Amino acid sequence: MTDPAVDRDQPAESGRRWVYLCATAVVAGVAIGFIGGAFRWCLQAADRLRVDFVDWAHDLAGPGWLAPMAAAALGATLAALIVRWVPLAAGSGIQHVEAVYRGDARAPLLILLPAKFVGGVLSIGSGLVLGREGPTVHMGAAIGAEAARRARLPDPDIRMMQTAVGGAGLAVAFNAPIGGTLFALEEVTKSFRLPTVLTTLFAAAAAVGCMRFILGNEPDFFVTSVDTPALAWLPLFVVFGLLTGCLGAAYNRLVLWFLDHVGGMRRVPAIAKAAVIGAIIGLAMFVYPEAVGGGDTLTQLILGGHEIVLPVVVGYLLVRFVAGPLSYSAAVPGGLFAPLLAVGALWGLLFVGVSGPLLPGDVAALSIPMALVGMAAFFGATVRAPVTGIVVVIEMTATTAVAIPMLAATAAAVLAAELTGSPPIYDSLRERMLPRAKR
């Protein structure tokens with residue numbers, strides 16, 4: 001494996017080069033900040049339009065369910081057409097950023113930018129259960145690589161810059177500058193070398209600052225007042241984490257199962273497969289409007305203390321647990337990360353609802369804390385970047401009340417997922433894309 005980190009830097013290295021690297025990261029960070037902020041704004045507008053459209057479809061005489069099916073199928077089809085034009089735009093893109101950093105693939109070109117932007121708005125905006133972070137990370141990587149090329153940096157620095165600005169893209173997606181930085185270091189590079197740390201910090205700070213200029217200087221989720229759980233509940237959070245690890249491993253296997261079986265239909269055109277998957281998601285959207293899309297609205301309802309009866313929680317969880325991997329198999333622009341947060345929050349609610357009657361004490365008071373913990377633990381189990389998951393959730397919610405249970409449960413989830421033998425999801429996706437990326 002080629003190491004693109006700037007190991008050749010010595011203490012006597014010219015400070016001029018360090019300033020040049022950081023300045024390039026700031027310029028690229030500003031670009032992904034405004035572009036990623038615009039991308040998020042478009043998705044928010046699409047969410048509002050989708051809700052109004054479903055309400056309108058419910059009022060139609062006759063088979064109103066056909067309207068959301070047709071709309072979601074059209075969005076998925078148009079996104080698949082963009083992927084036919086730019087094949088690299090398919091899927092998350094995070095696995096490609098990792099492959100580039102390792103030297104196993106070429107850095108993305110700027111043509112990826114409009115493909116990911118428009119394709120992501122079409123696919124996620126039409127209701128597919130995909131995350132905004134995949135497109136923003138990949139767009140950030142393309143911007144970082146182009147900025148490094150124009151700055152005439154050597155190839156190792158180009159790969160480092162696309163990684164740094166890709167991390168800034170994740171910071172923009174979740175309004176989490178520290179989480180985005182950690183993601184680039186913990187998940188992509190799996191190292192903390194000073195040049196990569198500095199460039200990622202500068203890029204993430206610039207990017208999130210510009211994004212907040214568009215969307216506002218507030219956390220992504222507003223959490224109702226939540227008390228720190230008593231330490232006596234810590235074993236329950238550990239048990240929850242262990243079960244979450246098994247659930248995360250099952251989710252990873254389901255993602256790969258859908259990729260194998262949908263991708264294995266060689267005789268069916270990719271555009272037709274995307275259209276059918278879009279139609280299925282459109283039907284789910286008609287029945288459970290909040291169960292599709294990125295999941296932010298549903299997560300906000302949970303964290304805001306909105307009461308959801310247990311059968312509805314089960315319905316939402318089942319739909320999103322299957323719809324996320326199914327949507328990803330459509331091979332259109334969109335990621336896996338954001339939908340994991342909603343699944344984790346729903347799983348936390350379900351765990352409290354089921355275990356409450358079996359345990360002494362006011363277990364119901366743990367609903368929101370368990371939902372917060374579930375968001376971080378489920379991400380940790382699927383991606384195996386536990387620190388990133390914890391920090392992202394804390395930054396998105398601006399709350400540290402459940403930090404200790406979150407640490408314990410996420411560690412338990414990662415341990416359980418490792419013991420199942422299920423590899424991290426982005427490792428599996430990267431291995432699958434390498435033959436194509438080397439062409």
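Biologist: Let's start with one residue. Why does A331 count as partly exposed?

Modeller: This is a predicted model, so keep in mind that each value is computed from it. A331 has a relative accessibility of 37%. Buried means under 20% and exposed means over 50%, with partly exposed in between. The 37% of A331 falls in that middle range, so partly exposed is the right label.

Biologist: And where does A331 sit?

Modeller: In the loop between α12 (310–328) and α13 (337–355).

Biologist: What makes the backbone of A331 worth a look?

Modeller: Its phi is positive, about 60°, although A331 is not a glycine. Most residues other than glycine have a negative phi, so a positive value goes against the usual pattern.

Biologist: Which residue with a positive phi follows α14?

Modeller: R384, with a phi of about 65°, and it isn't a glycine either. R384 lies in the loop between α14 (367–383) and α15 (386–397).

Biologist: Is R384 buried or exposed, and how do you know?

Modeller: R384 has a relative accessible area of 12%. Buried means under 20%, so R384 is buried.

Biologist: What about α14 itself: how do you know its length fits a helix?

Modeller: Its 17 residues should span 24 Å at 1.5 Å a residue. The end C-alpha atoms of α14 are 24 Å apart, so the two values agree.

Biologist: And what makes you call α14 mostly covered?

Modeller: Of its 17 residues, 16 are buried.

Biologist: How does the length of α10 compare with what is expected?

Modeller: Helix α10 runs over residues 270–287, which is 18 residues, and reaches 26 Å from its first C-alpha to its last. That is close to the 26 Å expected at 1.5 Å a residue.

Biologist: Which parts do the buried residues of α10 pack against?

Modeller: They pack against α1, α2 (66–85), α9 (234–263) and α12. Among those buried residues are I271, K273, G278, M285 and F286.

Biologist: Let's move on to salt bridges. What makes R132 and D220 a salt bridge?

Modeller: Their closest N and O atoms are 3.3 Å apart. A salt bridge needs a side-chain nitrogen of Lys or Arg within 4 Å of a carboxyl oxygen of Asp or Glu, so this pair qualifies. The pair links distant parts of the chain: R132 is in the loop between α4 (112–125) and α5 (133–150), D220 is in the loop between α8 and α9, and they are 88 residues apart.

Biologist: Why is R132 called buried?

Modeller: Its relative accessible area is 8%, and the limit for buried is under 20%, so R132 counts as buried. D220 is buried as well.

Biologist: Which residue of helix α11 also meets R132?

Modeller: D296, and this pair too links distant parts of the chain, with the two positions 164 residues apart in numbering. The side chains of D296 and R132 meet at 2.8 Å, N to O.

Biologist: Why is D296 called partly exposed?

Modeller: D296 has a relative accessible area of 25%. That value is not under 20% and not over 50%, so D296 is partly exposed.

Biologist: How many salt bridges does the structure hold?

Modeller: It holds 11. Another of them joins R159 and D155, at 3.1 Å from N to O.

Biologist: Why are R159 and D155 said to be about one helical turn apart?

Modeller: They are 4 residues apart in helix α6 (residues 155–174). An α-helix has 3.6 residues a turn, so residues three or four places apart point the same way.

Biologist: How do R159 and D155 differ in cover, and how do you know?

Modeller: R159 counts as buried at 9% relative accessibility, whereas D155, at 46%, is partly exposed. As for networks, salt bridges that share partners join R40, R132, D220 and D296 into one.

Biologist: Finally, the surface. Which residues make the nonpolar patch?

Modeller: V26, V30, F34, W41, F202, F213 and I214 make it, over about 660 Å². Helix α1 (15–58) and helix α8 (194–215) each supply at least two residues, and α1 gives the most, with 4.

Biologist: What lets F34 of helix α1 qualify for a patch?

Modeller: F34 is partly exposed at 37% relative accessibility. Patch residues need over 30%, so F34 clears that limit.

Note on methods: Residues are numbered from 1 along each chain as its sequence is written. This is a predicted model: local features need pLDDT of at least 70, side-chain atom pairs count only at pLDDT 80 or more; totals for chains, interfaces and linings use all residues. Side-chain values use heavy atoms; hydrogens and water are left out. Patches are made of residues with over 30% relative accessible area and no salt bridge: like charges are joined within 9 Å, nonpolar side chains (Val, Leu, Ile, Met, Phe, Trp, Tyr) within 5 Å. Accessible areas come from the Shrake-Rupley method with a 1.4 Å probe; for residues, only the protein chains shown count as cover. Buried means under 20% relative accessible area, exposed over 50%, partly exposed in between (1.4 Å probe, protein chains only). The expected span of a helix is 1.5 Å times one less than its number of residues. Contact means heavy atoms within 4.5 Å.
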